[in-house]
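Please open the model in your viewer, display it as a cartoon, and keep the side chains ready to switch on. The tour below proceeds by selection, each stop saying what to pick next and what is to be found there.

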Amino acid sequence: MSTPKKQLQHHVFFWLTNPDLEADRQELIKGLRTLAAIPSIRQLHIGVLASTEKRDVVDTSWDVSELMFFDDEAGQKIYQDHPIHQAFVKNYSHLWKKVIVYDSLDV
């Protein structure tokens, strides 16, 4: 019996160059939605800051996030190299000043 592959989560946080421009936030969200067409992405969630209680352990410095789920690390590699992802970076990277990525595997 083979060992099941562990699902990979790819969580990306974006800090906008112009965080006060709602048009830029919406443009980035529009660009993130194009990524859903990449077949190896099993789920895609796009988010903005929630209005939850502000506490020392909560980072509220970012503007937009994406959370993707892949079957495994191979699926995430397909996404990284996919022309739709490459076009997203080329066409939308002018909107952000900083990006941080957290990749994790199921335990």
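**First stop: helix α3**

Select helix α3, residues 83–92, in this predicted model, and show the side chains of H85, F88 and Y92, which are buried. These three cover an arc of only 60° around the axis, which puts them on the same side of α3. On the other side of the helix, P83 and K90 are exposed. To see what covers the buried residues of α3, add β1 (8–16), α1 (22–34), α2 (73–81) and β4 (96–105), which are among the elements included in that cover.

**Second stop: the sheet**

Now select the strands, and ask in what order they lie in the sheet. The four strands form an open sheet with the order β2-β3-β1-β4, and the pairing is antiparallel. Because β2 (41–48) and β4 stand at the edges, each with a single partner strand, one side of each is left without a neighbour in the sheet. Neighbouring strands of this sheet are turned by 15° against each other on average, direction ignored.

Going through the pairs, begin with β2 and β3 (residues 64–70), which are joined in the antiparallel sense over seven bridges; here H45 has L67 in β3 as its bridge partner. Next, β1 and β3 pair in the antiparallel sense, again over seven bridges, and Q9 can be found opposite F69 in β3. Finally, β1 pairs with β4 over nine antiparallel bridges, where F13 stands opposite I100 in β4. With β1 still selected, colour its residues by accessibility: eight of the nine are buried, so this strand is largely enclosed by the rest of the structure.

**Third stop: D63**

Select D63, whose place is in the loop between β2 and β3. Is this residue buried or exposed? D63 has a relative accessibility of 12%, and it counts as buried because the cut-off for that class is under 20%. Its side chain reaches the backbone nitrogen of L16 at 2.7 Å. Leaving aside residues up to four places away in sequence, D63 touches F14, W15, L16, P19, R25, G47, V48 and L49.

**Fourth stop: the nonpolar core**

In soluble globular proteins, nonpolar side chains tend to be buried together. In this model, the largest nonpolar core has 18 residues, and those with the most contacts inside it, which make a convenient selection, are F14, L28, L32, L35, I41, Y79 and F88. The elements that give two or more residues to this core are β1, α1, β3 and α3, and β1 gives the most, with four residues. Centre the view on I41, which touches L35, M68, F69, F70 and Y79 when residues up to four places away in sequence are not counted.

**Last stop: the whole chain**

Return to the full view, where three helices and four strands can be traced, following the pattern β-α-β-β-α-α-β along the sequence. The C-alpha atoms fill a box of roughly 55 × 35 × 15 Å, taken along the principal axes. Of the 107 residues of the chain, 35% count as buried. If contacts are drawn between residues at least 6 apart in sequence, 76% of them join residues at least 24 apart.

Methods: Residues are numbered from 1 along each chain as its sequence is written. This is a predicted model: local features need pLDDT of at least 70, side-chain atom pairs count only at pLDDT 80 or more; totals for chains, interfaces and linings use all residues. Side-chain values use heavy atoms; hydrogens and water are left out. Buried means under 20% relative accessible area, exposed over 50%, partly exposed in between (1.4 Å probe, protein chains only). The arc is that of the directions from the helix axis to the C-beta atoms. Contact means heavy atoms within 4.5 Å. Two strands pair if DSSP finds at least two bridges between them. Axes are lines fitted to C-alpha atoms, for helices over the stretch in contact, and angles run from 0 to 180 degrees between N-to-C directions. A polar contact is a pair of N or O atoms within 3.5 Å; within protein, one must be able to donate a hydrogen and the other to accept it, and residues adjacent in sequence count only if both atoms are side-chain atoms. A nonpolar core is a set of buried Ala, Val, Leu, Ile, Met, Phe, Trp, Tyr and Cys residues joined through side-chain atoms within 4.5 Å.
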